[in-house]
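Open the model in your viewer and keep the sequence panel beside it. Follow the stops in order, selecting as you go.

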Amino acid sequence: MFFMVNVDELRKKFTESLQNAADSRDIEALRVEYLGKKGSVTELLKGMKDLAGEEKKEFGQQVNILKNEIAEAVSRKVTEMQQAAVKREIESMPEFDLTAPPTLDRGSYHPITLVQRECEEVFRSMGFTVEDYAEIVTDYECFESLNIPKHHPARDMQDTYYLTNGQLLKSQTSAAQNAIYKKYRKALVEEGKPIKAVFPGRCFRNETTDACHENTFFQMEGVMVDKDISISNLIFFMKTMLSEVFKKDIRVRLRPGFFPFVEPGFELDISCLICGGEGCPSCKHSGWLELCPCGMIHPEVLKAGGIDPEEYTGFAFGLGMTRLAMMKYGIADIRDLNSGDLRRLSQFTQDC
Ligand code: FA5
């Protein structure tokens, strides 16, 4: 029974030491001292080899009970200490008044988000659907389906970022036209529903940047296809969109423009609102800003979208949304919009 005395003594000694442990390091040291490879409990177990029969069995059980007690006591003490530390931290915090007004600046919408939403609303009110489209597209979507075959010189109009897998970063929102025609052609042909869709998106071009050119900018493409769609329809929708967005009279001019996917094609420019048409860096000193090229959809493009150009006609436009935001908010340098400089951007935005 000498061994049993050892078990009780060890229990007593451990209990006292645990009570005196000041922090988690002390507790870990205690755990090693008792339960470690060379710990006191382990040493007791080694002494079992000198015992025999019932005595050995009972001693083994008692040491195992002690071992479990120590393990549980250690883990309980660790939890108690952690909880006490959290409580101390909470109590030491300054009082927090949930009803106090916020002291931090609130976020705000980016000017492009505001202009995009406004344009979407205008076109929705005229019966257009708003579509979302990928930023990484195929050569077919961005060029071939738009009547720009491989090696066509028109590809040089946009310095495109190609990916190593042959896909590319969308250089124009026109890249979504083919998919939109395919999506809605059945409803057009079978139910007589005109295709009326706008699709805003980010475009990428390897451009040298200046006050009115960015390498990453936003456009909003729009298409309408039905029987007997004409240039008059195109002009009506363009004028309505501009007067709704600017809410004042804007001087515009329409001049011929070449894009392989429209025939005829136009450039729609607006009089620069930064300089009032006098000429400044924002309009490359011309007094006019190219804003929204447009035209009647080329028969080959309709065909690629599965639409019979003998029966249907349509118009398409590619609104420069980043430039629209510049004009609407009087932002003289397009680079401010991508700068992430909140001191500049917050002048034009509104609270979320
Ligand atoms: C196109 O991208 C044609 N896909 C537009 C189109 C659609 C024509 C449908 C006909 C029918 P363009 O490269 O000109 O066209 O760009 C259209 C508009 O995007 C420009 O008028 C301009 O407002 C804007 N834009 C073009 N490049 C930049 C740039 N680097 N930085 C900022 N805005 C740009």
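Start with Lys 196. Select it and you are in strand E4, residues 195-204. Helices (H or I, at least four residues) and strands (E, at least two) are DSSP runs, numbered from the N terminus. The model is predicted, so local features need pLDDT of at least 70 and side-chain atom pairs count only at pLDDT 80 or more, while totals for chains, interfaces and linings use all residues. Residues are numbered from 1 along each chain as its sequence is written, and side-chain values use heavy atoms, with hydrogens and water left out.

Is Lys 196 buried or exposed? Lys 196 is buried, yet has no salt bridge. Buried means under 20% relative accessible area, exposed over 50%, and partly exposed in between (1.4 Å probe, protein chains only). A salt bridge is a side-chain nitrogen of Lys or Arg within 4 Å of a carboxyl oxygen of Asp or Glu. Now show Asp 226, the nearest side chain of opposite charge to Lys 196, at 8.2 Å. For charge, Lys and Arg count as positive and Asp and Glu as negative; His and the chain ends are not counted.

Show the backbone of Met 126 next. Its oxygen lies 2.8 Å from a polar atom of the Lys 196 side chain. Then display the contacts of Lys 196, leaving aside neighbours within four places in sequence: Met 126, Gly 127, Phe 128, Thr 129, Val 223, Met 224 and Phe 237. Contact means heavy atoms within 4.5 Å.

Use Phe 237 to step into helix H8, where Phe 237 is one of the buried residues. The others to colour are Leu 234, Met 238, Thr 240, Met 241, Leu 242, Val 245 and Phe 246. Select all of H8, residues 231-246. At 1.5 Å a residue, its 16 residues should span 22 Å, and the end C-alpha atoms are 23 Å apart, which agrees. The expected span is 1.5 Å times one less than the number of residues.

Go to Lys 247, which follows H8 and has a positive phi, near 55 degrees. Lys 247 is exposed, with a relative accessible area of 61%. Which residue does Lys 247 form a salt bridge with? Select Glu 118: the closest N and O atoms are 3.4 Å apart. This pair links distant parts of the chain, 129 residues apart. Lys 247 sits in the loop between H8 and strand E6 (252-256), and Glu 118 in helix H5 (residues 111-125). The structure holds 21 salt bridges.

Next, select Asp 139, Glu 144, Lys 150 and Arg 155 together. They are linked in a network of salt bridges. The Arg 155 and Asp 139 side chains meet at 2.8 Å, N to O. Arg 155 lies in the loop between H6 and E3, and Asp 139 in helix H6, 16 residues apart. Both Arg 155 and Asp 139 are buried. Asp 139 has a relative accessible area of 11%. Lys 150 also bridges to Asp 139, at 3.8 Å, N to O. At 48% relative accessibility, Lys 150 counts as partly exposed.

In the loop between H6 and E3, pick Asn 147. Asn 147 has a positive phi of about 65 degrees although it is not a glycine. At 24%, Asn 147 is partly exposed.

Move to strand E7, residues 262-271, which runs antiparallel to strand E9, residues 294-297, through three bridges. Two strands pair if DSSP finds at least two bridges between them. Find Phe 266, opposite Cys 294 in E9. E9 also pairs in the antiparallel sense with strand E10, residues 313-320, over three bridges. There, Met 296 stands opposite Phe 315. Back in E7, zoom in on Pro 264. A cis peptide bond joins Glu 263 and Pro 264, with omega about 0 degrees.

Finish at Tyr 181 in helix H7, residues 177-191. At 0% relative accessibility, Tyr 181 counts as buried. Not counting residues up to four places away in sequence, Tyr 181 touches Ile 195, Val 223, Val 225, Ile 297, Val 301, Gly 305 and Ile 307. Select Val 301 last: Tyr 181 and Val 301 are 120 residues apart in sequence and 9.4 Å apart in space, C-alpha to C-alpha.

Definitions and conventions. A polar contact is a pair of N or O atoms within 3.5 Å; within protein, one must be able to donate a hydrogen and the other to accept it, and residues adjacent in sequence count only if both atoms are side-chain atoms.
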